[in-house]
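Here is a set of short exercises to work through with the model open beside you. Try each task before you read its solution.

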Amino acid sequence: MNKKQKRWRNRIIIALALFAAAFGLEESGLLAALFGTPGDVYASFALFLVPYLIAGYKTLLEAARNIRRGDPFDEAFLMSVASLGAFAMVLFPETEPHMAEGAAVMLFYQVGELFQSYAVGQSRKSIAAMMDIAPEYANVEKDGRLVEADPAEVAVGETIVVKPGERVPIDGVVTDGVSQLDTAALTGESVPRHVEPGSEVISGCVNMTGVLRVRTSKPYGESTVARILELVENASEKKARTENFITRFARVYTPAVTLSALALAVIPPLVGMGAWSDWILRGLTFLVVSCPCALVISVPLSFFGGIGGASRLGILVKGSNYLELLAHVDTVVFDKTGTLTSGTFNVVAIHPETGVDPDYVLSMAAHAESFSDHPIAVSVRAAYSGQIDRGRIAEAREESGHGVSALVNEHLVLVGNDKLMAEHGAAWHDCDLTGTILHVTVDGEYVGHIVIADVVKDDAEEAVRDLHAAGVRRCVMLTGDRQDVAEAVAERLGIDEVHAQLLPQDKVDAVERLLAGEKDGARLAFVGDGINDAPVLMRADVGVAMGAMGSDAAIEAADVVLMDDRPSKIAQAMRVARKTMRIVWQNIVFAIGVKVLILLLAAFGIANMWLAVFGDVGVAMIAILNAMRCMRTE
């Protein structure tokens, strides 16, 4: 609780104590004994007026300011008119005094407002924690010494030093040092990440153990931490349809109920249906009940809590409108490479011919591929644990689309696909495994083949399973890869539908067709990570980007960003979204239902001012408590 809230709380406590004292004096009959009749009424008026003004003077001033500005119809106006009207009932001697109810209306309204302020503060904490990832400085290495500099002033390619306990200020690559990074603030994961020379590091992580030297790869404005802060700051500007509806509803509702209360207080006594005092009291009760606090407060608070809860899981939602859409997704479309798979090629199998050592096959292939920059060549060299002696290699030549040839220790080595084998007249045989097959021959003799594949992410199968369990009707995969590779991945993961060998523009067309087949009210989400996914992310109802390693273009185009690149977070995001929407509609139905019931009772003179106080403040506090459940994540 901040200082302002503490002062507010203390003022309410003082007002409540004075109210309790006044109420006790009135109920005990002591005022009547001391002042007689009607002196006890005026004494009671004065005693209740003090706590009323202590608690509600700011509300009265706010109502007065709004009237001056020509925009009077809000909660402050309703509370001020209703409570002052209750005090004004003293002008009708034939009725019971209602000063206690008038003071109680303002007191409990202030309690509700304080509670709302505290609830909003709590829901902001997770987002405020996200804002704390912003680094204050960067240690730049210049001429052998460290200089503290503003991260925004550090150029790409400069070397920065990150000491234990400090945040990584800018994205880069480790050039020296070994350490553990705490990524919890970004990804929601509690397990530290090991980094060493060559590892990429992203800004906002906390260095836990060793000193790291990092060569910056991006300017601060384009780094991970800067993009996250921008997303968080802008999230509240994009409101959900439900939220916008409540805002519009309150603008029409408040003046409508004010006029209804006025009509209820004036018209019946004018036509001789009863005493003025009775109908004015009904009108005032009607006003108290009609205050739309519960809706105006709890609905935005629910969305805000949902966004905050998602951020604690490492899921950044760019606005409550996307949270609402995510709750209605029934089709999830995945890009394959980099989304369901790691996006890096790895040697998954070595199948030598009879009597041939698998290490020999890999060694020959690694030496032949030593001068190639192709991703497949890089993966073969990475799999080879020995040292490559380039002095043993001669006449290395890359044959585009086929493979490579080279003299290794004066032996002609061919590494490539079946087309390369056929071109050189080499015998070869196929492999049952799905992936890229590299056939290897030495001096025309087939020694075996190596299987290269893009490795499926550890949680990809779990992601698809969880989505189906969450009620997603179909999971679709789009890829530019070969049909057989795509089908093998889809079968392993439980994907319902596959479209392979697609160019970027073909992916947009495929999503267009899928969108056309969606049922009314159903939504389609696309999950991708590459720059070529940006058009599809923008076209889908909800675009989900892999944030930690995804391209800048994909993250900018997406509506939801998964900070740790784990596809299983999609189902978590949907659960948060659906829980938020359930709570939103619970509050809407509960608040409107209770208010309509008490409004009807007030119109017929059955509801008194105390019930009206519950109908306003009680309902609002229950709705706020329910809304705060959105912040809890599992």
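## Warm-up: charges over rings

The charged end of R390 sits over the ring of F371, 4.8 Å from its centre. To count as sitting over a ring, NZ of Lys or CZ of Arg must be within 6 Å of the ring centre and within 35 degrees of the ring normal. R282 offers another case: its charged end lies over the ring of W279, 4.0 Å from the centre.

Before going on, note that this is a predicted model, in which local features need pLDDT of at least 70 and side-chain atom pairs count only at pLDDT 80 or more, while totals for chains, interfaces and linings use all residues. Residues are numbered from 1 along each chain as its sequence is written, and side-chain values use heavy atoms, with hydrogens and water left out.

## Exercise 1: the surroundings of H367

**Task.** Find H367 and decide: is H367 buried or exposed?

**Solution.**

Step 1. Look in helix α12, residues 358–368, which holds H367. Helices here are DSSP runs of H or I with at least four residues, strands are runs of E with at least two, and both are numbered from the N terminus.

Step 2. Check the accessibility. H367 has a relative accessible area of 0%, so it is buried. Buried means under 20% relative accessible area, exposed over 50%, and partly exposed in between, with a 1.4 Å probe and protein chains only.

Step 3. List the surroundings. Leaving aside neighbours within four places in sequence, H367 is in contact with Y384, Q387, I388, D389, R392, I393 and V408; contact means heavy atoms within 4.5 Å.

Step 4. Look for a polar partner. A polar atom of the H367 side chain lies 2.8 Å from the backbone oxygen of S363. 

Step 5. Widen the view to the helix. Eight of the 11 residues of α12 are buried, among them V361, L362 and M364. At the N-terminal end, D357 acts as a cap, with a side-chain oxygen 3.0 Å from the backbone nitrogen of D359.

## Exercise 2: the sheet under α12

**Task.** Which strands stand at the edges of the sheet that α12 packs on?

**Solution.**

Step 1. Write down the order. The sheet is open and has six strands, β12-β17-β16-β15-β14-β13, with antiparallel pairing. Two strands pair if DSSP finds at least two bridges between them.

Step 2. Read off the ends. β12 (341–352) and β13 (393–399) each have a single partner strand, so one side of each is left without a neighbour in the sheet.

Step 3. Add the twist: on average, neighbouring strands of this sheet are turned by 20° against each other, direction ignored.

Step 4. Inspect one pairing. β13 and β14 (residues 403–408) run antiparallel and are joined by five bridges, with A394 opposite L407.

Step 5. Place the helix. α12 packs on the sheet and touches β12, β13, β14, β15 (411–416), β16 (436–442) and β17 (445–456), and its direction makes about 80° with that of β17. For such angles, axes are lines fitted to C-alpha atoms, for helices over the stretch in contact, and angles run from 0 to 180 degrees between N-to-C directions.

## Exercise 3: the rings around F87

**Task.** How many aromatic pairs does a search of the whole structure find, and why is the pair of F45 and F87 classed as it is?

**Solution.**

Step 1. Take the count: the search gives four aromatic pairs. Rings of Phe, Tyr and Trp (its six-membered ring) pair if their centres lie within 6.5 Å; planes under 30 degrees apart count as stacked, over 60 as edge-to-face and the rest as tilted.

Step 2. Classify F45 and F87. Their ring centres are 5.4 Å apart and the planes stand at 90°, so the pair is edge-to-face.

Step 3. Locate both. F45 lies in helix α3 (residues 39–69) and F87 in helix α4 (residues 75–88), 42 residues apart.

Step 4. Compare their accessibility. F45 is partly exposed at 24%, whereas F87 is buried at 4%.

Step 5. Turn to Y52 and F87. Here the centres are 4.9 Å apart and the planes at 50°, so this pair is tilted. Y52 belongs to α3 and F87 to α4, 35 residues apart.

## Exercise 4: strand β20

**Task.** Why is strand β20 described as largely enclosed?

**Solution.**

Step 1. Five of the six residues of β20 (residues 523–528) are buried, so the strand is largely enclosed by the rest of the structure.

Step 2. Find its partners. β11 (residues 329–335) runs parallel to β20 over five bridges, and T331 stands opposite L524. β21 (residues 542–546) is also parallel to β20, joined by four bridges, with F526 opposite G543.

Note on methods:
Polar contact = N/O pair within 3.5 Å; in protein donor to acceptor, adjacent residues only side chain to side chain.
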